[in-house]
Amino acid sequence: MSTKNTDKPYIMIPNAIVRNNSILNMSKMIYTSLTMSRNINQTQLFQQTSINGLLGMVGYNQRTENQNMIRQGLIELEELNIISIYSDLALTKEIRPIDLKGSTLFFVKFNNDYVMSKEFVNRFDDEEIDKELIEYGLIYTTVYIDDAVKLFTIQSKHNRANMISLYLMAVSRALIGSMGDFYSTESIERITKYANINEKTASTYITALFEAKMLFKLTLRETLRKTGEIRDHNVYSRWCDSDAIVGAIESNEWFMDKKLLKIGDKELSEAERNYIKNKSRKLRGLSEIY
């Protein structure tokens, strides 16, 4: 399941990290920031930084408690062998994260082969990591560089690490490139399970990301024919890929079998639904009929 074949710069975060609720959200945020910096600096194996540098990257003040949070995240990443930390460019002198001062420069080596291995995945219980999806072949979550920058600079009262963890889960199945659907029908139960947050908090974060034009959400309502039971399904995409969802409304059987209910938190009128369905048809080169 490739996420390649796109001209828009992006980073890939292993789903063994994203879809893993035993890894701290702070550690996930640190790993994402390191990956983004490595990509921007066009290095393949390592990234130079400091605890204070990481705090600046993620928008935290250089207070002692924040330094300790970053240090704890680095400790977890190093203990899981997701990264290794060195004091020299040759990557020969390892240094323990616990010994790092706020301004100490260090080099981070990414142990990608290990993180992508069955050995790493099998360190965790089935309830901790989404082994089924990873074994199926969905091994990366893709984040556009522009979106990653926004994630780390967005002005919000919410916990940034938790919000990033939720965002990664919301777009985890939304593959980009020529083989991707660009949208995800991930259930809120799965999102919250691996993002380490509850549903109420998730709803608040999704609204904040929608308002910041980071995460697009559409809600469809399904009425089961046999029982009459009503089920609502959320569909997510990166904001810049929202046309992929809109375009599917009048072309994808799964969408067409359900009622278009909301965009974001706004419940749609019949006129608004018809407008969006006509837009969907136009995106597919079809004539308007609503």
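Biologist: In which strand does Ser-184 lie?

Modeller: Ser-184 lies in strand 6, where a strand is a DSSP run of E with at least two residues, numbered from the N terminus. This is a predicted model, in which local features need pLDDT of at least 70, side-chain atom pairs count only at pLDDT 80 or more, and totals for chains, interfaces and linings use all residues. Residues are numbered from 1 along each chain as its sequence is written, and side-chain values use heavy atoms, with hydrogens and water left out.

Biologist: Why is Ser-184 called buried?

Modeller: Buried means under 20% relative accessible area, exposed over 50%, and partly exposed in between, with a 1.4 Å probe and protein chains only. Ser-184 has a relative accessible area of 1%, and is therefore buried.

Biologist: What makes strand 6 and strand 8 a pair?

Modeller: Two strands pair if DSSP finds at least two bridges between them. Two bridges join strand 6 to strand 8 (residues 230-238), and the two run antiparallel. In strand 8, Tyr-236 is the bridge partner of Ser-184.

Biologist: Which are the edge strands of the open sheet with the order 6-8-7-9-10?

Modeller: They are strand 6 (183-184) and strand 10 (266-267), each of which pairs on one side only.

Biologist: How do you know that Ser-184 and Glu-186 form a polar contact?

Modeller: A polar contact is a pair of N or O atoms within 3.5 Å; within protein, one must be able to donate a hydrogen and the other to accept it, and residues adjacent in sequence count only if both atoms are side-chain atoms. A polar atom of the Ser-184 side chain lies 3.1 Å from the backbone nitrogen of Glu-186.

Notes: Helix = DSSP H or I, 4+ residues; strand = E, 2+ residues; numbered from the N terminus.
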